[in-house]
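Biologist: I've just opened this one and would like a friendly tour. Could you take my questions one by one?

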Amino acid sequence: MTQNKKLAVVGQGYVGLPVAMRAVEQGYGVVGIDLDQRRVAALRAGDSYVEDISDARLAVALASGRYLPTADYDDARGYDIAVITVPTPLRESLPDLTFIESSGASLAGLLRPGAIVILESTTYPGTTEELLIPILESGSGLVAGVDFHVGYSPERIDPGNTTWGFVQTPKVVSGVGPEALAAVQGFYDTLVDTTVPVSSPKEAELAKLLENTFRHVNIALVNELAIFAHQLGVNVWESIDAASTKPFGFMKFLPGPGVGGHCLPVDPSYLSWQVRRKLGQSFRFVELANDINDHMPQYVVQRLMLLLNDSGRAIRGAKIALIGLAYKRNSGDIRESPALRLIEILREYGADIVGVDGHIEEHRWPEGLSRGELDQTLLDSVDVAVLITDHDNLDLALLSASAMPVLDTRNRLAGKNVERL
Ligand SMILES: NC(=O)c1ccc[n+]([C@@H]2O[C@H](COP(=O)([O-])OP(=O)(O)OC[C@H]3O[C@@H](n4cnc5c(N)ncnc54)[C@H](O)[C@@H]3O)[C@@H](O)[C@H]2O)c1
């Protein structure tokens, strides 16, 4: 059934590339559109920049002759299905939907009767119906629900998670009207094990924001708890482990240096922005969680100051190693990472910093930051180190055994030199 279908996946990033690969494997002819020429060139050369997609898997897709990475929308002409997976960042704290707008406009010009267009990017409830549909209709002269179908299906990809991948994770699906829902669900049923239909795109859009806001708020809770527990002389990590033995009514979240990535620091603000815009009210939980999580890098610096103070030193002029810069373990994604804020603050205070993170691509490495390896030479050359992200490829035992003080924001190290968040 999928053999003759032409699928356009717009955006070949962390979300779009896995969708494209799976669809090729299920028999679709896939045009993977990305305006980033460097990414297109890398994909064409069989070089995957997304950790969850191996070069070998990409090579098989390319060899099938059914995967075309391209920067040219025209290659998608005559598509049966288009999936939009472009970024939805914040610009000056406000939702920036320009990527959805421009990709929608490009797809509209290629839209033909009978096609399905599905948005996957995370966004506020109403985007699919109030923003995307008018763009598709005006650019094509066709009518949604009559000539073509539109739906929304949030992505739940968890980079680096080897248990819950794209195929195993249930996928929420929606459409504008019952026929669109059937079309959208029918499409995803060919890609994933389980689809979860909801009655309209708004419910699906809100479900995604609820999932991320839930995490954001709970992380803020344990972060604030970690700050107070330290002051009270209580080991918060042990308390969290103990509480986690409760088999019902508790879910484990861990403190850390702050939140990062494309989702947590961004998505809840889409929701609070909409609540303020439409209802004139503030979403207090989101705003409080933002406050606390945004403060964590500053708190980490404060703890570093105290550590240095113990040996009669100041931040200014101190040599500090930042270990693990990506926002998440075993990922090379540095977007919105708390490490970036840490770097900024430490620079302001005059520290001499060196970063260690083998996962981050050269062109995404923070500008002007010297790059080191976690080895004895590095450890001998710094005054203090902070473990920000505990990648599996880091020699944590070396860090634990080192002579100089280490601030561990992930509770992964043991040793007399180690201080936990
Ligand atoms: N990364 C995650 O873990 C994750 C999880 C769930 C949902 N999401 C959501 O999915 C969406 C995409 O996130 P991502 O992490 O894949 O982003 P990404 O930056 O890795 O990929 C998006 C790609 O879209 C391309 N692009 C931008 N505008 C374009 C256009 N007009 N036409 C074609 N290509 C264009 C960019 O060059 C980029 O390569 C976001 O809304 C995000 O919130 C991300």
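What follows is a short chat about the chain as a whole, its cores and a few single residues.

Biologist: Before we start, what kind of model is this, and how are residues numbered?
Modeller: Residues count from 1 along each chain as its sequence is written, and side-chain values use heavy atoms, leaving out hydrogens and water. Local features need pLDDT of at least 70, side-chain atom pairs count only at pLDDT 80 or more, and totals for chains, interfaces and linings use all residues, since this is a predicted model.

Biologist: How many helices and strands does the chain have?
Modeller: Helices here are DSSP runs of H or I with at least four residues, strands are runs of E with at least two, and both are numbered from the N terminus. On that basis, the chain comes to 13 helices and 16 strands.

Biologist: Why is the chain called as compact as a globular protein of that length?
Modeller: The globule rule is 2.2 Å times the number of residues to the power 0.38, and the radius of gyration is taken over C-alpha atoms. For 421 residues the rule gives 22 Å, and the chain is called compact because its own radius is close to that, at 23 Å.

Biologist: What share of the residues is buried?
Modeller: Buried means under 20% relative accessible area, exposed means over 50%, and partly exposed is in between, with a 1.4 Å probe and protein chains only. Among the 421 residues in the chain, the buried share is 53%.

Biologist: Which helix gives the most to the largest nonpolar core?
Modeller: A nonpolar core is a set of buried Ala, Val, Leu, Ile, Met, Phe, Trp, Tyr and Cys residues joined through side-chain atoms within 4.5 Å. The largest one has 40 residues, and Leu304 and Leu346 are among those touching the most other members. Helix H7 (201–232), helix H10 (284–310) and strand E11 (319–323) are among the elements that each supply at least two residues. With seven residues, the top giver is H10.

Biologist: Which residues does Leu346 contact, leaving aside neighbours within four places in sequence?
Modeller: Contact means heavy atoms within 4.5 Å. With those neighbours set aside, the partners of Leu346 are Val301, Leu304, Ile315, Ile320, Leu322, Ala351 and Ile353.

Biologist: Is Pro95 buried or exposed?
Modeller: Pro95 lies in strand E6 (residues 94–95). Not counting residues up to four places away in sequence, Pro95 touches Pro89, Leu90, Tyr270 and Trp273. Its relative accessibility is 17%, so Pro95 counts as buried.

Biologist: How far apart in space are Leu254 and Arg410?
Modeller: Leu254 is found in the loop between H8 and helix H9 (267–279), and is partly exposed, with a relative accessible area of 41%. In sequence, Leu254 and Arg410 are 156 residues apart, but C-alpha to C-alpha the gap in space is 8.1 Å.

Biologist: What is phi of Glu92 near?
Modeller: Most residues other than glycine have a negative phi. Glu92 sits in the loop between strand E5 (90–91) and E6, and is exposed, with a relative accessible area of 76%. Its phi is positive although the residue is not glycine, near 50°.

Biologist: And what is phi of Glu336?
Modeller: Glu336 lies in the loop between E11 and H11. At 46% relative accessibility, Glu336 counts as partly exposed. Glu336 is not a glycine, yet phi is positive, at about 55°.
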